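User: I'd like to learn how to read a structure like this one. Can you walk me through it, feature by feature?

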Amino acid sequence: MQGLRERGKMTAVYAGEERVKRELGKYGEGVSVAAINGPELTVISGREEAVDKVTDRFTAQGVGSKELKVSHAFHSELMAPM
C-alpha cells in the first residue's frame, strides 16, 4: 500500500446512507460510501479533495462529521491497484 500514488481520506458523516448517497450524486466524483456504521453514521472514502467537498456541503447543512485517522482511503477506488 505504501507504493500507492494517492492515499486519500476517510470521513465519518453523521447522516444516513440514503442522504449521503444523494449528496455523492451531486459531488461524488472520486468519493464513495465506504461503510454504514449505523442508521445515522456513514463513512465516505476517496480522493482528499472530493471527500472535503462532500464534507463541506454537509457542514453547511448542519450535519457533523469526523475525519478518520487512517493511512489510506480504504474501501474506495484508490485501493483498486492493490
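Analyst: Sure. Let's start with one residue and the company it keeps. Leaving out residues up to four places away in sequence, V51 touches K9, T11, V31, I44, S45 and G46. Keep in mind that this is a predicted model.

User: Where does V51 sit, and is V51 buried or exposed?

Analyst: V51 is found in helix α2. Its relative accessible area is 0%, so V51 is buried. There's a distance to go with that: V51 and M10 are 41 residues apart along the chain, yet their C-alpha atoms are separated by 7.3 Å.

User: What does T55, also in helix α2, touch?

Analyst: T55 touches T11, I44 and S65, again not counting residues up to four places away in sequence. Burial is judged by a cut-off: under 20% relative accessible area is buried. T55 comes in at 11%, so T55 counts as buried.

User: Let's step back. How much should I trust the model, and which element has the lowest confidence?

Analyst: For that you look at pLDDT, the predictor's confidence in each residue, from 0 to 100. The protein averages 85, and 77% of the residues score at least 70. Among the elements, confidence is lowest in helix α1 (residues 17-27), with a mean of 90, and highest in strand β4 (residues 65-67), at 96.

User: How many helices and strands are there, and in what pattern do they come?

Analyst: There are two helices and four strands in the protein. Going along the sequence, they follow the pattern β-α-β-β-α-β.

User: How do I describe the way two helices pack?

Analyst: Two packed helices are described by the angle between their axes and the distance between the axes. Here, α1 and helix α2 (residues 48-60) pack at an angle of about 125°, and their axes are 10 Å apart. That makes α1 and α2 oblique to each other. As for handedness, α1 passes α2 in a right-handed crossing.

User: Which residues make that contact?

Analyst: From α1 you have R19, V20, E23, L24, K26 and Y27, and from α2 you have V54, R57 and F58. Sorted by type, the residues of this contact are five nonpolar, no polar and four charged.

User: Now a loop residue. Where is E40, and is E40 buried or exposed?

Analyst: E40 lies in the loop between β2 (31-38) and β3. Exposed means over 50% relative accessible area. E40 has a relative accessibility of 53%, so E40 counts as exposed.

User: What does E40 touch?

Analyst: With residues up to four places away in sequence set aside, E40 touches V13, Y14, A15 and G16. Take A15, one of those partners. E40 and A15 are 25 residues apart along the chain, and 4.3 Å separates their C-alpha atoms.

User: And S45, one of the residues that V51 touches? Where is S45?

Analyst: S45 is in strand β3 (residues 41-46). With a relative accessible area of 0%, S45 is buried. From S45 to L68 is 23 residues in sequence and 9.7 Å in space, C-alpha to C-alpha.

User: Last one: how do I read burial and contacts for the whole chain?

Analyst: Use the totals. The protein has 82 residues, and 39% of them count as buried. For contacts, look at how far apart the partners are in sequence. Among contacts between residues at least 6 apart in sequence, 73% join residues at least 24 apart.

Terms used: Residues numbered from 1 in each chain as written. Predicted model: local features only at pLDDT ≥ 70, side-chain atom pairs only at ≥ 80, totals over all residues. Heavy atoms only, no water. Axes fitted to C-alpha atoms, helices over the stretch in contact; angles between N-to-C directions. Parallel < 35°, antiparallel > 145°, perpendicular 65-115°, else oblique. Left-handed = near helix turned anticlockwise from the far one by under 90°. Contact = heavy atoms within 4.5 Å. Nonpolar A, V, L, I, M, F, W, Y, C, P; charged D, E, K, R; others polar. Buried < 20%, exposed > 50% of the residue type's maximum accessible area, 1.4 Å probe, protein only.
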